[in-house]
Structures are given as C-alpha cells and as structure tokens.
Amino acid sequence: MHLDLDADGPQYLQLSRAIRSAVQQGRLASGTRLPPTRELAQTLGLARNTVRAAYEHLGAQGLVEGRVGAGSYVHANGRDSAPANGAPALALLPGATPAPSAYARRARELLREFPAWRRHLGVRYSLQYGEPFADALLPEQWRNALARAALYTPMGYPAMAGVPALREQVCKYLRSRRAVDASPDQVLIVAGTQQALALAARVLLDEGDTAVVEDPGYFSARHTFLAHGARLVGVPVDKSGLVVDELPERRPGLVFVTPSHQFPLGAVMSQRRRQELLRYAARHDTWIVEDDYDAEIRYDSRQVAALKAMDRQDRVIFVGSFSKVLAPSIRLAYMVLPAALREDFVTAKRLMDMGCPAIEQAALAHFMETGAFERHLRRVVRALRARRNALFSAMQQHGADWLELHDSHAGMHVVGRLKGRVATRQAELIEAARLRGVGVYTLAQHYIRPPAQPGLLFGFAALSPSEIEVAARQLGRAASEL
Ligand SMILES: Cc1ncc(COP(=O)(O)O)c(C=O)c1O
C-alpha cells in the first residue's frame, strides 16, 4: 500500500488523511484489512502510537472498523469509497464544490476530521464535555432581567466595546474573584470565548504565523487558529501546567494557555512557570492569551489567581466567559486587553459584528449588580459538587479495576485513564457504552501528539447524581463485557 503523507500538521492526521484519500481513490477497497500498527509504523518510520491514533481517528469517523483480535478493516460506506463508474470520488463528499477560499478549504478539512463531537447526540446519558448545568431558577430570572432591560435600553447601535454598565460590573467581579485590577476601558465584551479567539487570530496572526497551544489543549482554540491559516506548535503540559522550557525559540504570534485549570488535564500552572511564561512573552515580544473559562468553579479552598494578575508588562490578553458560570446559550464573554492592542481589537470587533446585543448585556449587568449572579454562582457550584462527588463514588464502585480518575478539584469535567485490558480496547468500550445509552468520549481528540495512555473525558454537569450513578453502572457493565 502506497501512502503519501502531506507533512501538514500532526502525523496521525497526515496518516489518517492519506488512508482516507487511498479509500476515496479506490486504492483501498471496503473490507480490506489494514496492516498491523507495528508493521505500518516500521514501513513509514512512524511511532506505533501514531499509527494507532490514525486508525482510531478513522474509526471515530466510521471509515475503519476494528475487529477483536483480527485487526482493522476499511469500512467504506459509499460516501467515501470510489464510485463504480470511475467518477472522481470527491464528487460524493459533502461540499463537493471546490472550496471558494483557503479559509473555506481549511474549515472543510476541520469539519471532516472532527465529526466525532456530534456522534453521540441522542444518547440517554451523555457525559459529553460542554453540556451545561441546567439551573431550574435561571430561565425565569433571565426572562425578567431581559424584559426589564428591554424597557430602558436605547435601540441604537450599542457601544462597540460593550455596554458601559456591564464593563463596570466585569471589572468589579474580576477584582473580587480573579485578583485582576482592570478598568472598564480595558474591557471588550465579546460573543463567547470563541469570538475572543477569532479576534485574537485576526489581530495577532498572519497566515503561516505560529500559534502556540497546549498539548493536550482546547480543541476550539486549535481549530480557530488552524482555520485562520496559522501553524500550530503544541507544547506539552505536566503537573505544573505548560512546560515553558519547550516553547519555541522563534517568536510565535501568540501563546494560548489555560493556567487556572488546564484544559483538559486540570493542572494549575505553578508560580514559577507563570513567571517564566511572562518573561518569555516579554523577551519574544509576543502575546499570551489566557483562557480563564471555569476558574470560579473550585471544590477546594485553594484560591487560584489569574495569570493576568501578575502581568506587569501588559503582555496578557485575558478572556473570561459566562458560558460555564451562567449558560453557553447567552454567548457573552469579556476580554481584558493590553493597552497596545485595545484599538486593534475594538476595530476588529466592529468589522465583525458592530458589537454584542445591548439588551442581553444590560440584563447581565443588572443581574450582576443586584447580587443575583453571585447567588446563582454559589448554587451552581453546590450542585456541581454533588454531581462530581456522585461521579467519583459511582466510578469507584463500577470502574475501580479499569479506570483511574484524576481529580483537579475544579470545573465541570474529569479525566480518567484506562487501565489493564480495557486500555487496549477504548474504541470498543465507547461503542459498547453507546449501545447502553451512555455517551463517553476519548481524551485523544484533545491531543496533537497521541497520548501514551488512553483515557476518557467525562463532563458531569448535565446529569443529576442519580443519572450519573446509572451511567456509571452501565459503563461498568460495558467494560466488564469487553
Ligand atoms: C477551555 C475552554 N475555554 C472556553 C470555553 C467557553 O467557550 P465559549 O465562551 O465560547 O462558550 C470552553 C467551553 O467548553 C472551554 O472548554
């Protein structure tokens, strides 16, 4: 089998693309057995883990099927296989028209490579990360806040950087909860962290520039920078957070980090690493994007301040979101910008959407000002603590011999490493769990270089403690029947 790797991005994705293209061109027919991972690794001069990750990646897309003890087989389902009449296989792909731009081409590629997020929609017990906690009181409170705000909010275009009352509340909140001393004119209200990332890409990166990301790290940041045309450099993380010594010598356009609660592994970045990272940014004249997505949700008494709180050289772009502490549907987040970048970001925001909806911003400002937001936050943390405890005790009961959960005492997700026999059969476990109505997800999709030990990422916010118990029991059964 001849496979051409295109030297673009992580090796396992290069290999996955090469195999997919061999299937599309009819060089690999449905039912063909793929070479054993060891053999293909030797032939191509790759690590065996890389080949394994490529097979898993293709498995997640339904293009390769593993059969117990019998290897991996091509499972072309007509959409990806070469048509019998010899017409170009690509014509059968979604979006078969040529991509209208380099951005569209890269975005299509990402969509093709990561359909796995949506795979388990519809399962009864979804432990998908990102599913929110549904607070019973919030809908009515939010409706009242919106109705009130609609009455007094001017109907003209909103202030581009955000409604002043909300920027003021954000500053108060940051001072008390995150030790960040910002003034309202440093704050830009944006439509979620996602928009902050898109703006950062536009303002800070030209095509081909380097964006440094944590490996493993937040997939959406990676995708945003890739779609923009950046070159990604993944830097490993350990128990102290980003391994700063491994940052590239050449100046990157930006460094994206989650210092308060590393996503997905959970480390808090140590004080030493924080100092080193700030020094690196100053020395290389680059920018740090600090994603503080869930720092308020902690279950121990540890106070973790933001990296921005130590930023004497004004190198950190701080991003906080209301997605975890309120609801992702609200699509509001905020940035604290270095003085040198403020105008550029506000202009980019103007060009993108002319500002976030004013009524929502005013409603949120009022919600914060009256203390309703703080009360909501305390309720959320109490409820999440119960869910997290339920997950730990249920997995102790139903998964102690095949799963090791890592506790980061924070956030809405937990990482678990697979042990023993189950560690070699992760894809089968995920499928068996799905058949039992439980959605669990591989940690591998958050890595650029495949992880040495397979693992799962459990999002526990959306299920009640009793649902979590049922899900864990079903998952335990799925594992024991492998
Ligand atoms: C690491 C990380 N950052 C940020 C967010 C929030 O993104 P947004 O504000 O766009 O909803 C999430 C949500 O899942 C996340 O996991």
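This report describes the domain layout, the backbone features and one side-chain environment of a predicted model.

## Domain layout

The protein is divided into three parts: domain 1 covers 11-97, domain 2 combines 118-135 with 375-480, and domain 3 covers 153-373. Domain 2 is thus assigned as two segments of the chain, written 118-135 + 375-480. Between the C-alpha centres of domain 1 and domain 3 the distance is 38 Å.

## Cis peptide bonds

Most peptide bonds are trans. Against that background, two bonds that precede proline deserve attention. The bond from Asp-215 to Pro-216 is cis, and its omega is near 5 degrees. Pro-216 is placed in the loop that follows strand E5 (210-215) and leads to helix H8 (219-228).

The bond from Phe-263 to Pro-264 is likewise cis, with omega near 5 degrees. Here the proline belongs to the loop between strand E8 (254-257) and helix H9 (271-283).

## Positive phi values

Most residues other than glycine have a negative phi. Asp-314 has a positive value, with phi near 60 degrees. This aspartate sits in the loop that connects strand E9 (288-291) to strand E10 (316-321). Its relative accessibility is 26%, and because the partly exposed class runs from 20% to 50%, Asp-314 counts as partly exposed.

Arg-331 also has a positive phi, in this case near 50 degrees. The loop that holds Arg-331 lies between E10 and strand E11 (333-336). With a relative accessible area of 36%, Arg-331 is partly exposed.

## The surroundings of Thr-210

Thr-210 is part of strand E5, the strand that comes before the loop of Pro-216. Is Thr-210 buried or exposed? The relative accessibility of Thr-210 is 13%, so this residue counts as buried, the limit for that class being under 20%.

The side chain of Thr-210 forms a polar contact of 2.9 Å with the side chain of Arg-231. When residues up to four places away in sequence are left aside, Thr-210 touches Leu-205, Arg-231, Val-233, Pro-252, Gly-253 and Leu-254. Arg-231 therefore appears both as the polar partner of Thr-210 and among the residues that Thr-210 touches, as a polar contact requires atoms within 3.5 Å and a contact requires heavy atoms within 4.5 Å.

Key
Residues are numbered from 1 along each chain as its sequence is written. This is a predicted model: local features need pLDDT of at least 70, side-chain atom pairs count only at pLDDT 80 or more; totals for chains, interfaces and linings use all residues. Side-chain values use heavy atoms; hydrogens and water are left out. Domain bounds come from an automatic or database domain assignment. Helices (H or I, at least four residues) and strands (E, at least two) are DSSP runs, numbered from the N terminus. Buried means under 20% relative accessible area, exposed over 50%, partly exposed in between (1.4 Å probe, protein chains only). A polar contact is a pair of N or O atoms within 3.5 Å; within protein, one must be able to donate a hydrogen and the other to accept it, and residues adjacent in sequence count only if both atoms are side-chain atoms.
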